[in-house]
Amino acid sequence: YGDHRDLPSFPTRRSSDLHRTPIAGPLAEQPIRRMPDEAPRSHLDRNHTMAGRRTLTIIKPDAFGAGKAGLIIALLEKSGFRIKAARVMHLTTAQAGEFYGVHRERGFFGELVEFMTSGPCMPLILERDDAVATLRTVIGATDPAEAAEGTVRKLYAESKGKNAIHASDSDENAVREAGFFFAESDVLAG
């Protein structure tokens, strides 16, 4: 609401671009228009600081398909997180491969991509103080057998491979991963 004509214009990804343009595509190479003395920043970090306050999570296909998304979101909100962006989608093999590309040389990469494309998932941008570290505590250890009581994975994960939820592991990765799924216009301000 209100007049947004005074706000700077930035190149952003539209929701429809997610299915056509990988993060390393032409959009990633476009110059960002900014004020003369302004340092370059991530497209989700232009109007406010994401680092430290926001993180990305994905409710994975096992939990989403089992109808546990609402329970997981309730636990996250009870832990003080506010949802700033959310979507339900079915990742393609190319999208999952790009997103988890950091694991490409690891033995579980193919299985991870296959799992992440097995059904719909739900990426979310969450906000609260010390978001990355807090979320990683709230979700628990990768192996639900080793996860602390009351954590997302202890409550809702099936196994180490089908572990219900993804969480960014650093502020830098949170910014990069959020940009993979969401355009600036998808993220609620304030």
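In what order do the elements of the protein chain run from the N terminus on? They run β-α-α-β-α-α-β-α-α-β-α, and the protein chain holds seven helices and four strands. Helices (H or I, at least four residues) and strands (E, at least two) are DSSP runs, numbered from the N terminus.

This is a predicted model, in which local features need pLDDT of at least 70 and side-chain atom pairs count only at pLDDT 80 or more, while totals for chains, interfaces and linings use all residues. Residues are numbered from 1 along each chain as its sequence is written, and side-chain values use heavy atoms, with hydrogens and water left out.

**Overall burial and contacts**

The protein chain has 190 residues, and buried residues make up 44% of them. Buried means under 20% relative accessible area, exposed over 50%, and partly exposed in between (1.4 Å probe, protein chains only). Among contacts between residues at least 6 apart in sequence, 75% join residues at least 24 apart; contact means heavy atoms within 4.5 Å.

**Strand 3 and its partners**

Six of the six residues of strand 3 (residues 122–127) are buried, so strand 3 is largely enclosed by the rest of the structure. In a regular strand the side chains alternate between the two faces of the sheet. In strand 3, Met122, Leu124 and Leu126 point one way, and Pro123, Ile125 and Glu127 point the other way.

Strand 3 pairs with strand 1 (residues 54–59) in the antiparallel sense over six bridges. Strand 2 (residues 82–86) also pairs with strand 3 in the antiparallel sense, over four bridges. Two strands pair if DSSP finds at least two bridges between them. Leu126 of strand 3 is the bridge partner of Thr55, and Ile83 stands opposite Leu126 as well.

**Helices 2, 5 and 7**

In helix 2 (residues 69–78), the buried residues are Ala69, Ile72, Ile73, Leu75 and Leu76. Seen down the axis, they fall within an arc of 160 degrees, so they line one face of helix 2. The arc is that of the directions from the helix axis to the C-beta atoms.

Helix 5 (residues 131–139) has Ala131, Val132, Thr134, Leu135, Val138 and Ile139 buried. These residues cover an arc of only 165 degrees around the axis, which puts them on the same side of helix 5. An α-helix has 3.6 residues a turn, so residues three or four places apart point the same way. The buried residues of helix 5 pack against strand 1, helix 2, strand 3, helix 6, strand 4 and helix 7. Thr134 counts as buried at 17% relative accessibility. Leaving aside residues up to four places away in sequence, Thr134 touches Phe81, Arg128 and Asp129.

In helix 7, Ala174, Val175, Glu177, Ala178, Gly179, Phe180 and Phe181 are buried. What covers them includes strand 1, helix 3 (93–99), strand 3, helix 5 and strand 4.

**Residues with positive phi**

Most residues other than glycine have a negative phi, and most peptide bonds are trans. The table lists four residues with positive phi.

| Residue | Phi | Place |
|---|---|---|
| Gly80 | near 95 degrees | follows helix 2 |
| Gly140 | near 90 degrees | follows helix 5 |
| Asp130 | near 50 degrees | loop between strand 3 and helix 5 |
| Ala164 | about 75 degrees | loop between helix 6 and strand 4 |

Ala164 is buried, with a relative accessible area of 0%. Gly161 lies in the loop between helix 6 (152–156) and strand 4. At 38% relative accessibility, Gly161 counts as partly exposed. The C-alpha atoms of Gly161 and Phe108 are separated by 9.0 Å, although the two residues are 53 residues apart along the chain.

**The largest pocket**

A pocket is found on a 1 Å grid over the protein atoms alone, as an open set of points where a 1.4 Å probe fits, with protein on both sides within 12 Å along at least five of seven lines; lining residues have an atom within 4 Å of a point. The largest pocket has about 670 Å³ of space, the volume being the space filled by probe spheres set on the points. Of the 24 residues that line the largest pocket, Lys60, Tyr100, His103, Phe108 and Leu112 are the closest to its centre.

Helix 4 (109–116), strand 4 (165–167) and helix 7 (171–181) each supply at least two residues of the lining. Helix 4 gives the largest share, four residues. By class, the lining has seven nonpolar, seven polar and ten charged residues. Here Ala, Val, Leu, Ile, Met, Phe, Trp, Tyr, Cys and Pro count as nonpolar, Asp, Glu, Lys and Arg as charged, and the others, Gly among them, as polar.
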